[in-house]
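Please open the model in your viewer and keep the sequence panel beside it. The tour below moves from the whole chain to single residues, with a suggestion at each stop of what to select.

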Amino acid sequence: MVEIKPSQSIAFKQAITVFIVSMLLGMAFSINYTLIDLHQEQNRLEEHYRFQLMQSYTNASQAAYRLNPILAEQVVSSLMNDPAIYHVQILDDFNEVLFKKDKPIPPQSQFVELVSRYITPTETTFSTSLHQPNSSTIVGYLLFSVNTSELAQSFITKHANMLILDLLRTCLLTFILLIFFYYKLSLPLIRLIRWVRSLQDKQHSSPEALFHHNNELRELAGTFHQLWQERENAEGKLNKLAYYDTLTGLNNRSMLMKMLHVNIKKSLQSNTKGALLYLDMDRFKTINDSLGHTIGDKLLIAVANRIEEWAHYNYVIARVGGDEFAVLIPTYHENEIEEVAQQLLDTLSAPYIVDTHQLYCSSSIGIALFPGENNANIDVLRQADTALYRAKVHGRNTYQFYQPEMQSQIESFLNTEKGLHEALALNQLELYYQPQVNDKHEIVGAEALIRWNHPTKGLIPPGLFMPIAEETGQILPIGHWIIETAFEHYAKWQDQGLLPKSFQRLAINISPLQFAQDSFVEQIDHALKERGISGQSIELEITENLLLENVEVARQKMAQLKKYNLHLSIDDFGTGYSSLRYLKHLDVDVLKIDRSFVTQLHKDESDQAIVDTILMIAKRLNLQVIAEGVENESELNALKKMGCKQFQGYLFDKPLNEAELLNRFKNAPYQRVGLHIVDTHSGRNI
């Protein structure tokens, strides 16, 4: 802070101002008084000397009447005592000098002479006739002459003294006002300045303690105090916005990066190790899109609260953005991180109760340890993010440690994401169809399955790119393309009479994100009308886990779809946790038994019990059942013995392009399926 010099203080400037103003006013009044006095001096002098003349008249008359020179001398001497009178004489009645007296006139300055001219009376010689006592007889004359130079000098001296006195009075007043202003204004202002500077120390007294009197300075201090409190509140809000998440109250990305930098530095100095856990909520986007952002926000708050309750006191918890969180562990012991990560997964995988919804939302965790080769905070965060992607690829609800080779996998992910944009634009996507047959081995349906005709990598199965499409949201335009293309193909087959008589439906997989869109039903309606086909010929496959996200929302949307006579099937049935509980409330037509129960069914009694239960439930609820992943005749025979009447799998056919499928429609190739050589190692139905 700049120190204020005394000469720059308000009190000093006010005193100087008062001094100058007082001097100017004093001089103005003095000059005015002097001019008025100067103007009146001439009349005053004339009256004065006429009074002098009359005062000496009696004694002078006696001296002239008695011709007494001694008395005449006394009168003359008395008049000569006046400094301005330089010549006096008394004459008798014969004009003879009875007595006279003169004194020399001293030289004066031009200024005195100038003033004397202004004050000199019109007549400089004053005279009077002397009379006999008690008579009008003239007995002589008295006269004297005056020199006003002496009077002018006296006038100047008198007024000079007055000016000096005014100056001294003004200086004294200035000094008094200086002290007054200092104690009454400058000193309180100095206290106010020091108090304002002390505000930033957060240890300051109140304005009431600083100023006891209710005046402008106390009001000013109160205003400063209020503004400072508002500033502190604003800084607090800005700091909260800058470093804390507004939704959950956790640290945000900026604070995480700041704390990560500090802890990496400490680890290098103390030769300790720390860890960054980067976690993402699995299937959060589906919940958010299907139930709305309000439910999504409440779920994020619940997740944040659960992490805070779980975390150790020295952990740094942050919401990085969206449904991504981070846990910074400053130090850890050997092999502790695996246990911590698993505890966090278990904590977050428990059901959440949000309003009236019971939600299941597990998480995936990427872990980066520090210090390492790259110790910048951004590098550690990227490593954890890379490990997170790897965890999602491994099936989610798991954790992965960062390994240097993961970077190439992330680059492959990004290349696939970029390539999918080009695939849609350049018509590189193609639909394949896997036939569905009945117990007579007739084709009763086909499931549409997507493939990617990559210009350099060839035909890419959906398992390599559809999870990435789900993750990035590209599943929406891809899903729309699948519906449009499948409806177009089916309309063409129908118009050209290519469908076998046994053909009942074309099945299309619907992703959870696609199903959650508000416009999904309208999209289906538009596609049906555009191609001129009936919903009775179309089956929409939705996963069991999708239904478990929100049964009520799913039920309402399924009811809307049923208005268009669409068939609805539950894919991968039996893999969910509690689908049987909700099955009676859902308007579905078909259950698809997951291939995990079909594989080696004839050898596994547990799988046989599950499949037998599913078939019994379907029969009671009047639902059709299709067994997926049928790869050999033993599995087929076991299913038939249990009463399953529809099948799909490599035992009958792999997914076929449109031309191959039309050939199957024409030739009905599955009547003697046991004679076919089937590749049972080509993978599952995708």
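What share of the contacts in the protein chain with a separation of 6 or more comes from residues 24 or more positions apart? In this predicted model, such residues account for 68% of those contacts.

**The whole chain**

Begin with the full protein chain in a cartoon view, where the secondary structure comes to 23 helices and 20 strands. If you then switch to a surface view, the accessible surface comes to about 36,600 Å², and 53% of that area belongs to carbon and sulfur atoms. Of the 686 residues in the chain, 44% count as buried.

**The annotated segments**

Next, select residues 15-36 and 163-183, which an unreviewed UniProt entry annotates as "transmembrane region". Staying with residues 163-183, you will find that the chain there is 100% helix and 0% strand, with its end C-alpha atoms 30 Å apart.

**A loop residue and its contacts**

Now select Lys103, which is placed in the loop between strand S2 (97-102) and helix H3 (110-119). Lys103 counts as partly exposed, at 27% relative accessibility. Show its surroundings and, leaving aside neighbours within four places in sequence, you will see Lys103 in contact with Met80, Asp82, Pro83, Ile85 and Tyr86. His87 can be added to the selection as well, since a C-alpha to C-alpha distance of 6.6 Å separates it from Lys103, although the two are 16 residues apart in sequence.

**Salt bridges**

The structure holds 16 salt bridges, and a few of them make good stops. Select Arg319 and Asp245, whose closest N and O atoms are 3.1 Å apart in a salt bridge. This pair links distant parts of the chain, with Arg319 in strand S6 (residues 316-321) and Asp245 in the loop between helix H6 (216-243) and helix H7 (253-270), 74 residues apart. Are the two partners, Arg319 and Asp245, buried or exposed? Both of them are buried.

Move on to Arg505 and Glu539, where the side chains meet in a salt bridge with an N to O distance of 2.6 Å. Because Arg505 lies in strand S15 (residues 505-509) and Glu539 in strand S16 (residues 538-543), the pair ties together parts that are 34 residues apart in sequence. Here, too, Arg505 and Glu539 are both buried. A further selection of Glu447, Glu541, Lys592 and Glu628 shows one network, joined by salt bridges that share partners.

**Where helix H14 meets helix H23**

Select Glu658 and Lys492, which form a salt bridge with their closest N and O atoms 2.8 Å apart. The partners are 166 residues apart, and they link distant parts of the chain, Glu658 being in helix H23 (residues 658-667) and Lys492 in helix H14 (residues 475-495). Glu658 is buried, with a relative accessible area of 17%, whereas Lys492 counts as partly exposed at 33%.

The rings come next, for a search of the whole structure finds 13 aromatic pairs. Why is the pair of Trp493 and Phe665 edge-to-face? The ring centres of Trp493 and Phe665 are 5.7 Å apart and the planes stand at 85 degrees, so the pair is edge-to-face; the cut-off for that class is over 60 degrees. This pair also links distant parts of the chain, Trp493 in helix H14 and Phe665 in helix H23, 172 residues apart. Trp493 is buried with a relative accessible area of 0%, and Phe665 is buried with 8%. Extend the selection to Tyr433, Tyr490 and Phe503, and ring pairs link these with Trp493 and Phe665 into a cluster.

**Charges over rings**

Two lysines are worth a look from above the ring. Lys258 lies over the face of Tyr243, at 4.9 Å from the ring centre, and the charged end of Lys557 sits over the ring of Phe515, 5.5 Å from its centre.

**Backbone details**

Most residues other than glycine have a negative phi, and most peptide bonds are trans. With this in mind, select Phe370 and Pro371, whose peptide bond is cis, with omega near 0 degrees; Pro371 is found in the loop between strand S10 (363-370) and helix H11 (377-393). Then select Asp355, whose phi is positive, near 55 degrees, in the loop between strand S8 (352-354) and strand S9 (357-359). The last stop is Asn427, with a phi near 60 degrees, in the loop between helix H12 (406-425) and strand S12 (429-438). Asp355 is partly exposed, with a relative accessible area of 47%, while Asn427 is exposed, with 66%.

Note on methods
Residues are numbered from 1 along each chain as its sequence is written. This is a predicted model: local features need pLDDT of at least 70, side-chain atom pairs count only at pLDDT 80 or more; totals for chains, interfaces and linings use all residues. Side-chain values use heavy atoms; hydrogens and water are left out. UniProt positions are given in the numbering used here, feature names are shortened, and annotations may be inferred rather than shown by experiment. Helices (H or I, at least four residues) and strands (E, at least two) are DSSP runs, numbered from the N terminus. Buried means under 20% relative accessible area, exposed over 50%, partly exposed in between (1.4 Å probe, protein chains only). Contact means heavy atoms within 4.5 Å. Accessible areas come from the Shrake-Rupley method with a 1.4 Å probe; for residues, only the protein chains shown count as cover. A salt bridge is a side-chain nitrogen of Lys or Arg within 4 Å of a carboxyl oxygen of Asp or Glu. Rings of Phe, Tyr and Trp (its six-membered ring) pair if their centres lie within 6.5 Å; planes under 30 degrees apart count as stacked, over 60 as edge-to-face and the rest as tilted. A charge sits over a ring if NZ of Lys or CZ of Arg is within 6 Å of the ring centre and within 35 degrees of the ring normal.
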